Amino acid sequence: MFRAKIAARRRTGAGVAAGGRVKGRQGQQITGRGSRRLVAGALAAAAVIAAALVLAGCESPSILRASGSAADEIRTLAIWVFGILAVVLLVVWVVLVYVILTGRRRPPEQASQTKGNLRIEIVWTAIPAVIVTVLFVLTVVYTDRINLPAPGAQFTAVGRQWWWDFDFKELGFKAPNEVYVAEGRTTHIRLLSADVIHSFWVPQMGGKVDMIPGHTKYIHFVPLHTGSYLGECAEFCGVQHGKMRFLFVVVSAEEYSAWVQHQQEPAREPTGADAVAGKEVIGSVGCGSCHAIRGTDLKGTFGPDLTHFGSRSGIAAYTIKNTPENLLRWIQDPQGVKPECKMPNVPLPLEQQKQIVAYLEELK
């Protein structure tokens, strides 16, 4: 009887041991699957990040498609920083995967201890210190290239709620929301704010510069390629901050000279019957209290200069395109197009509204 009990216990122990070995193998298999999932997840995350960065350069405006000297320096700095951090991230991932795949097979009693190892601690401290120092030096070098002293400004960019006023005071004209500059020539801009804090930014030309009321700021860069580039306010300045854009047009030196000469000319006389009537209407309903049209009695300074309104491609700081239909919509209900803008609703008969549209569209 006693011997039978001992034999039964031995069989039970063997079964438990065999079960433990089976469970151990199953645990290893589960752990292996978990490691593979972790590696796959890390690779998927890397692919998503890389795709996002590539797609970010496809949208315009983008600092990755630099067309100005300052933007080119910023892009180069961004590439350096991204490259260094990408290497750091890759090394961390490789080490992490290596530790997971090799360390899981090592018994706990064989785990290496680094506590108190002075050499390793010095290395762990020195590596991030070197990386931060390199990033700091690169940032200082490229920032210094961008912020070199510059001579007097060619024109003044005034930020207003919510539009841009480009004032060529020495040349005798203003170009609201659309400005031309010459390719290959250093562009010097004086920056002012008429009301609240704004921020001047043409992403493909250079960096952001805050415009603080009562303070004068400057920005300069060399436009490298011809084309039209969208600028915007980069500092929240009110409810219509997102609709405070402007067009920055880079042309050849000859085209720039022709543009300046054209802008210096007074408004052209209307030719169409509706346009002639529109000139009379616009002068009689109080538009001159806010707007100016050189060559007429309209001398307002509160709103955009309309002398060459018809030649611009946008309305209300590029909230909508400059078409007769959109202009009529803007005149009829500016608050509906751009809520809380400074343009008031002026009730006029539809016929007079269309006449004003005809006149403004002829101001090329």
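This is a short tour of one protein chain, from the overall view down to a single residue.

**The whole chain**

Start with everything shown. The model is predicted. Colour the chain by pLDDT: the average is 84, and 79% of the residues score at least 70. Switch to a cartoon view. The protein chain has eight helices and twelve strands. Of its 364 residues, 34% count as buried. Now add a surface. About 21100 Å² is exposed, with carbon and sulfur atoms supplying 62% of that area.

Next, think about contacts along the chain. Take those with a separation of 6 or more: 66% of them link residues 24 or more positions apart.

**A low-confidence stretch**

Select residues 20-25. Here pLDDT stays under 50. The model gives this stretch zero contacts beyond four places in sequence.

**A covered strand**

Select strand E4, residues 178-182. Is E4 mostly covered or mostly open? E4 is mostly covered, with four of its five residues buried. Now add strand E10, residues 245-251. E4 and E10 run parallel, joined by five bridges. To see one pairing, pick Val181 and look across to E10: its bridge partner is Val250.

**One residue in a loop**

Move to Thr296. It is found in the loop between helix H5 (273-284) and strand E11 (314-315). Why does Thr296 count as buried? Its relative accessibility is 14%, and buried means under 20%.

Show the neighbours. Leaving aside residues up to four places away in sequence, Thr296 touches Lys279 and Tyr359. Finally, show the backbone of Leu298. Its nitrogen lies 3.2 Å from a polar atom of the Thr296 side chain.

Note on methods. Residues numbered from 1 in each chain as written. Predicted model: local features only at pLDDT ≥ 70, side-chain atom pairs only at ≥ 80, totals over all residues. Heavy atoms only, no water. pLDDT = per-residue confidence, 0-100. Contact = heavy atoms within 4.5 Å. Helix = DSSP H or I, 4+ residues; strand = E, 2+ residues; numbered from the N terminus. Buried < 20%, exposed > 50% of the residue type's maximum accessible area, 1.4 Å probe, protein only. Areas by Shrake-Rupley, 256 points an atom, 1.4 Å probe, with all protein chains shown as cover. Pairing = 2+ DSSP bridges. Polar contact = N/O pair within 3.5 Å; in protein donor to acceptor, adjacent residues only side chain to side chain.
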